[in-house]
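User: Please take a close look at one part of this model and set it in its surroundings. I would like a single connected account, with the cut-offs stated as they come up.

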Amino acid sequence: MKKVFEKPKSLGDKHFSYCPGCTHGIIHRLIAETLDELDVRERTVGVSPVGCSVFAYEFFNFDMIGAAHGRAPAVATGIKRSHPECIVFTYQGDGDLAAIGTAEIVHAATRGEKITVIFVNNAIYGMTGGQMAPTTLLNQKTDTTPYGRSAEANGYPIRVCELLSTLEGTYFAQRVSVHNPANVVKAKQAIRKAFTNQVEGKDFNIVEILSTCPSCWGISPLKALDWLSENMIPYYPLGVYKDKDAKKEEVAAAS
Amino acid sequence: MGKKVLMKGNEAIGEAAISAGCRHFFGYPITPQSELPAYLAKRMPEVGGVFLQGESELAAINMVYGASASGVRAMTSSSSPGVSLKQEGISYMVGAELPALICNVMRAGPGLGTIQPSQSDYFQATKGGGHGDYHLIVLAPSSVQEIVDLVRLCFDLSDKYLNPAMLLTDGMLGQLMEPVDFGDYKPGHVEKPWAVNGCKGRKNNFITSIYIQPDRMEQHNLKLQKKFAEITENEQRWEEWELNEDTEILVVAHGTMARIAKSSIKEANRSGAKVGLIRPISLWPFPVKAFQKLRKIQKVFVVEMSAGQMLEDVQIVINGRVPVHFFGRMGGMVPTVEQILEKIRELARSPVNA
């Protein structure tokens with residue numbers, strides 16, 4: 001019998017420990033498929049964050065290192081600068097990347113570090129039990145915003161792709177979602193682009209992936225997919241925010 | 001032997017690191033270590049190395065964490081307030097058992113303090129500094145030549161024990177110019193099969209400091225403690241100076257302070273006093289072995305540029321056998337030869353066991 005579908009080599013044998021309905025598993029698989037397709041598994045180093053994906057190194061079948069909270073882009077910088085031949089990526093949540101690690105992500109991007117960043121935005125701190133994240137939406141209830149996030153008390157949610165796309169060192173920035181199959185396909189294309197760019201030696205690449213957290217949102221996995229679509233996408237519009245390749249094409253077309 | 005060159009202490013740290021095979025420096029500007037990054041910014045490109053100025057001390061130490069994890073010799077440097085910021089990364093490096101050189105060219109604290117020399121980070125350097133049960137290997141030079149020797153030793157010990165090592169010096173030695181001989185030292189090749197740099201031809205590696213099961217975490221801690229015990233047994237280093245069978249007053253000082261104390265001791269002995277010096281070179285492990293055979297010592301005198309930090313380790317090792325006296329200055333003020341001499345003479349005049 002011909003095998004038509006199998007687990008990517010870049011995934012290990014360990015079962016995911018994520019909650020039911022959490023989309024980390026889908027995102028892990030998309031990364032693993034991409035690294036297999038680009039045939040770079042054996043020269044990849046992944047940096048896992050502090051947050052729900054702190055144990056990501058247990059699920060991937062390539063070299064991995066755990067970073068301190070928010071510091072993954074600095075750790076990735078140290079690895080990439082020492083081993084430019086390696087494909088280095090960080091896997092970070094919203095608290096890790098957009099709160100405690102804001103300086104590290106902004107400066108890795110502005111330096112044009114030749115790394116890939118997979119930014120999983122589920123608008124909440126999952127691992128610590130559901131506190132307000134920098135991307136928690138206005139009026140969204142969390143453990144630390146029990147009456148809903150108010151702009152007056154807590155300020156506004158951060159749009160990371162928009163922010164980083166203003167930096168010259170950012171080569172590629174796209175926001176995608178994995179709440180339905182059509183979007184999973186688009187997410188895969190974005191991830192593939194972000195890794196291909198690194199293989200080609202291009203500067204900083206980030207893919208922001210809107211993700212669900214049924215456990216901490218307090219709703220069922222299915223409802224969580226709808227909640228993402230109805231509440232997160234309007235505030236965090238999907239699309240390409242920066243693509244220096246596209247700019248080059250535009251310039252070429254105009255001349 | 002090579003020929004001698006005149007160098008500033010801070011620059012000598014950089015050249016010594018290059019001679020030790022370090023090609024990766026990550027730092028952030030702060031006085032009084034500024035000549036070191038400036039030197040390496042110029043030198044690293046000449047030797048095909050990486051000099052990178054990070055956005056913060058946090059970023060710099062985490063770049064070192066990444067570089068070291070990928071298998072290369074890596075370093076960072078800073079001065080006191082900056083070293084405080086690095087503590088998180090240092091704790092993670094100990095937990096993940098990663099080697100590196102961390103230089104602290106000390107200035108006076110607490111807080112922003114001042115840029116003048118101090119030894120007031122002794123506690124932070126030798127007692128852990130960050131969270132968790134751990135120690136750094138801490139070496140304290142007292143000349144520019146010794147800076148060169150100890151930078152190399154820091155790298156070697158750090159690779160051997162898979163624990164970060166700190167070169168603890170101060171603004172005075174960092175700024176001081178002295179002739180140094182780089183000799184013909186060649187760094188040995190160290191296999192790092194644990195490094196994360198692509199898993200071609202082997203099983204995948206991972207580096208972490210998290211073990212979520214407490215029994216597993218305890219095992220990891222026991223492993224680290226076993227290593228610290230081994231370092232304590234094998235790596236105590238000190239200098240004995242003017243110390244002999246009939247020494248009555250033992251001065252204990254490290255780094256810059258020991259240099260100054262030597263002048264005071266020389267003067268005191270010229271007028272008949274019996275004073276000797278123990279200069280701890282390894283501040284952690286503290287050289288307790290140096291204090292084992294000092295039977296005729298009647299008084300111990302600790303001199304520091306602090307309120308008395310190494311003093312506590314001396315008190316522990318003396319354990320009440322003889323009185324331990326102290327003189328220190330703080331805030332960037334440096335005890336003078338005359339001040340120390342005066343204290344030694346007071347001690348010499350005072351009755352034994354006072």
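Analyst: With 255 residues, chain A would be expected to have a radius of gyration near 18 Å if it were a compact globule, and the value of 18 Å found for chain A agrees with this (it is taken over C-alpha atoms, and the globule rule is 2.2 Å times the number of residues to the power 0.38). This is a predicted model, in which local features need pLDDT of at least 70 and side-chain atom pairs count only at pLDDT 80 or more, whereas totals for chains, interfaces and linings use all residues. Residues are numbered from 1 along each chain as its sequence is written, and chains are lettered from A and ligands numbered from 1 in the order in which they are written.

Along the principal axes, a box of roughly 55 × 50 × 35 Å holds the C-alpha atoms of chain A. Of the 255 residues in chain A, 53% are buried (20 or more other C-beta atoms within 10 Å of the residue's own, against 12 or fewer for exposed and partly exposed in between, with C-beta atoms placed from the backbone). Among the contacts in chain A between residues at least 6 apart in sequence, 68% join residues at least 24 apart (a contact puts the two C-beta atoms, placed from the backbone, within 7 Å). Chain A has 10 helices and seven strands (DSSP runs numbered from the N terminus: H or I of at least four residues for helices, E of at least two for strands).

The part to look at closely is an open sheet of eight strands with mixed pairing, in the order E7(A)-E5(A)-E6(A)-E4(A)-E3(A)-E1(A)-E2(A)-E10(B) (strands pair if DSSP finds at least two bridges between them). Its edges are strand E7 (239-243) of chain A and E10 of chain B, each of which pairs on one side only.

At the end of the sheet that includes chain B, strand E2 (residues 63-66) of chain A runs parallel to E10(B), and two bridges join them. Met64(A) has Phe206(B) as its bridge partner in E10(B). This pairing belongs to a wider contact between the chains, to which chain B gives 33 residues and chain A gives 28 residues. On the side of chain B that touches chain A, the elements giving two or more residues are strand E2 (24-27), strand E3 (50-53), helix H3 (57-69), helix H4 (80-95) and strand E10 (206-207) of chain B. The most comes from H3(B), which gives nine residues to that side.

Further along the order, strand E4 (residues 116-121) and strand E6 (residues 204-210) of chain A run parallel and are joined by six bridges, with Ile118(A) opposite Val207(A) in E6(A). Val207(A) also appears in the surroundings of Gln174(A), a residue of strand E5 (residues 170-177) of chain A. Leaving aside residues up to four places away in sequence, Gln174(A) touches Cys161(A), Ala190(A), Val207(A), Gly239(A), Val240(A) and Tyr241(A). Gln174(A) counts as buried because it has 24 C-beta neighbours inside 10 Å. From Gln174(A) to Gly239(A) the C-alpha separation is 5.6 Å, although the two are 65 residues apart in sequence.

Helix H2 of chain A lies across strand E1 (44-48), E2, strand E3 (87-93) and E4 of chain A, and runs at about 175 degrees to E3(A) (angles run from 0 to 180 degrees between N-to-C directions, with axes fitted to C-alpha atoms and, for helices, over the stretch in contact). In H2(A) (residues 72-82), 11 of the 11 residues are buried, so the helix is largely enclosed by the rest of the structure. Its buried residues include Lys80(A) and Arg81(A) as well as Ala72(A), Val75(A) and Ile79(A).

Within chain B, a strand with similar treatment is E8 (residues 165-170), which is mostly covered, with six of its six residues buried. Ala165(B), Leu167(B) and Thr169(B) point one way from E8(B), while Met166(B), Leu168(B) and Asp170(B) point the other way. E8(B) pairs in the parallel sense with strand E5 (residues 101-108) of chain B over six bridges, and Leu101(B) stands opposite Ala165(B). Strand E7 (residues 137-139) of chain B also pairs with E8(B) in the parallel sense, over three bridges, and here Leu139(B) stands opposite Leu167(B).
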